[in-house]
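Grab a viewer and a notepad, and let's work through a few exercises on how one fold is put together. Try each task yourself before reading its solution.

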Amino acid sequence: AEFADRLLAEKITFIGPNPHAIRAMGDKIESKKAAQAAGVSCVPGFIGEIEGLEHAIQIAEEIGYPVMIKASAGGGGKGIRVAYNRKEVEEGFPAVRAEAKGAFGDDRIFIEIFVTAPRHIEIQVMGDKHGNVVHLFERECSIQRRNQKVIEEAPSPLLDEKTRMAMGEQACALARAVNYDSAGTVEFVVSGADKSFFFLEMNTRLQVEHGVTEEVTGVDLVQAQIRSAAGERLADILPATIEVKGHAIQARVYAEDPKNFFPSPGRLNVFRPPVDVSVRVETGFAEGRDVTPYYDPMIAKVIAHAGTRPAAIDKLVG
């Protein structure tokens with residue numbers, strides 16, 4: 001938000017949302033308060049700052065186990081622990097606080113119930129500078145390790161049309177509540193048992209997995225974001241009717257040790273993109289380049305689009 005503020009002061013156009021929206025949604029505690037005010041379904045829990053370990057134990061036992069202990073400023077799978085009992089809260093709370101302080105410079109923590117059989121489904125939203133907001137349906141990102149997404153797809157194989165529309169409406173309501181005026185993502189946790197859904201957070205940016213939405217809708221989200229920043233209306237940027245055609249699935253390719261999936265920096269001795277030119281590959285690497293330890297170990301995104309989900313999976317694997 002400070003960066004967006006500075007650009008505004010220097011009269012430089014920021015390709016992204018306004019500083020107010022970034023502030024409102026960038027803090028997980030404050031974003032949940034805003035979501036509740038906008039009538040968005042939130043995960044049951046204590047939407048406030050936890051004062052210390054004893055307070056954390058008290059809140060966890062009032063909510064009922066299992067619970068999620070989460071960093072307010074968290075992201076990228078960092079600053080999260082699941083606790084199934086008091087002992088795990090005693091161990092997890094200080095660990096999350098320390099990780100949050102080290103990774104984000106912010107050790108504020110909140111606690112919410114852990115949804116059983118959870119599915120991670122997010123809604124892509126797009127806003128302009130004239131108060132208009134639409135959604136471009138959903139992506140499912142449930143296949144993860146260490147709370148970091150590795151496989152993303154659109155549309156979700158779980159959702160029915162009623163749930164899809166309800167989630168889309170809530171995502172747009174939240175975006176309107178903070179005057180959102182760019183591309184962004186409203187993330188939900190959805191119960192695999194009954195399709196009940198709860199707001200997790202909003203990412204005030206274009207996400208790694210935006211390509212699967214582009215593949216199924218035919219909308220260039222990068223271009224849309226730039227045109228919105230230039231002051232154009234959504235009616236002129238997007239098609240009058242946005243439909244999902246076929247199925248798209250993305251695999252993130254990481255430089256990791258396959259024994260434990262920890263980052264493994266070093267020289268890329270072999271780097272061979274798919275032969276099928278219809279498979280979309282996005283990368284900043286080539287054979288002989290070095291993967292450094294200074295950033296995320298993801299080296300490429302591979303996206304396959306086909307008429308059906310099984311066909312998209314076959315194309316991705318092939």
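The exercises below go through helix packing, two sheets and a pocket in what is a predicted model.

**Exercise 1. Work out how helices H1 and H2 are oriented to each other, and which residues make the contact.**

Step 1: Get the geometry. H1 covers residues 2-9 and H2 covers residues 19-26; they pack at about 175 degrees, with axes 8 Å apart.

Step 2: Classify the angle. Anything over 145 degrees counts as roughly antiparallel, so that is the label for H1 against H2.

Step 3: List the contact. H1 brings in Glu2, Ala4 and Asp5, while H2 answers with Pro19, Ile22 and Arg23.

Step 4: Sort by class. You end up with 3 nonpolar residues, 3 charged ones and no polar ones.

**Exercise 2. Do the same for H2 and H3.**

Step 1: H3 spans residues 28-37, and its packing angle with H2 is about 100 degrees, the axes being 5 Å apart.

Step 2: The window for roughly perpendicular is 65 to 115 degrees, and H2 and H3 therefore get that description.

Step 3: On the H2 side the contact uses Ala24, Met25 and Gly26; on the H3 side, Lys28, Glu30, Ser31 and Ala34.

Step 4: By class, that's 3 nonpolar, 2 polar and 2 charged residues.

**Exercise 3. Lay out the sheet of 4 strands and find what lies across it.**

Step 1: Write down the order, E1-E4-E2-E3; the sheet is open and its pairing antiparallel.

Step 2: Find the edges. E1 (45-46) and E3 (78-83) each have a single partner strand, so one side of each has no neighbour in the sheet.

Step 3: Zoom in on a pair. E2 (residues 67-75) and E4 (residues 109-113) are joined antiparallel over 5 bridges, and Ile69 sits opposite Ile111 in E4.

Step 4: Add the helices. H3 lies across E2 and E4, at about 105 degrees to E2. H5 (residues 86-104) lies across E2, E3 and E4, and runs at about 170 degrees to E3.

**Exercise 4. Now take the sheet of 8 strands: which strands are at the edges, and which helices pack on it?**

Step 1: The order reads E9-E8-E5-E6-E7-E10-E14-E12, again an open sheet with antiparallel pairing.

Step 2: E9 (197-203) and E12 (280-283) are the edge strands; each has a single partner, so one side of each is left free of a neighbour in the sheet. From one strand to the next, the twist averages 25 degrees.

Step 3: Look at the E12 end. E12 pairs antiparallel with E14 (residues 298-306) over 4 bridges, and Thr283 has Ala300 in E14 as its bridge partner.

Step 4: Place H6 (residues 161-177). H6 touches E5, E6, E8 and E9, and its direction makes about 110 degrees with that of E6.

Step 5: Place H10 (residues 309-317). H10 lies across E7, E10 and E14, at about 140 degrees to E14.

**Exercise 5. Describe the second largest pocket: what is its volume, and which residues lie nearest its centre?**

Step 1: The volume comes out at about 160 Å³.

Step 2: There are 13 lining residues, and Leu8, Ile12, Thr13, Phe14 and Lys129 lie nearest the centre.

Step 3: H1 supplies the largest share of the lining, 3 residues.

Step 4: The lining of this pocket splits into 7 nonpolar, 3 polar and 3 charged residues.

Technical notes:
Residues numbered from 1 in each chain as written. Predicted model: local features only at pLDDT ≥ 70, side-chain atom pairs only at ≥ 80, totals over all residues. Heavy atoms only, no water. Axes fitted to C-alpha atoms, helices over the stretch in contact; angles between N-to-C directions. Helix = DSSP H or I, 4+ residues; strand = E, 2+ residues; numbered from the N terminus. Parallel < 35°, antiparallel > 145°, perpendicular 65-115°, else oblique. Contact = heavy atoms within 4.5 Å. Nonpolar A, V, L, I, M, F, W, Y, C, P; charged D, E, K, R; others polar. Pairing = 2+ DSSP bridges. 1 Å grid on protein atoms, 1.4 Å probe; cavity = no way out; pocket = protein on both sides within 12 Å on 5 of 7 lines; lining within 4 Å. Points joined across faces, edges and corners; volume = space filled by probe spheres on them.
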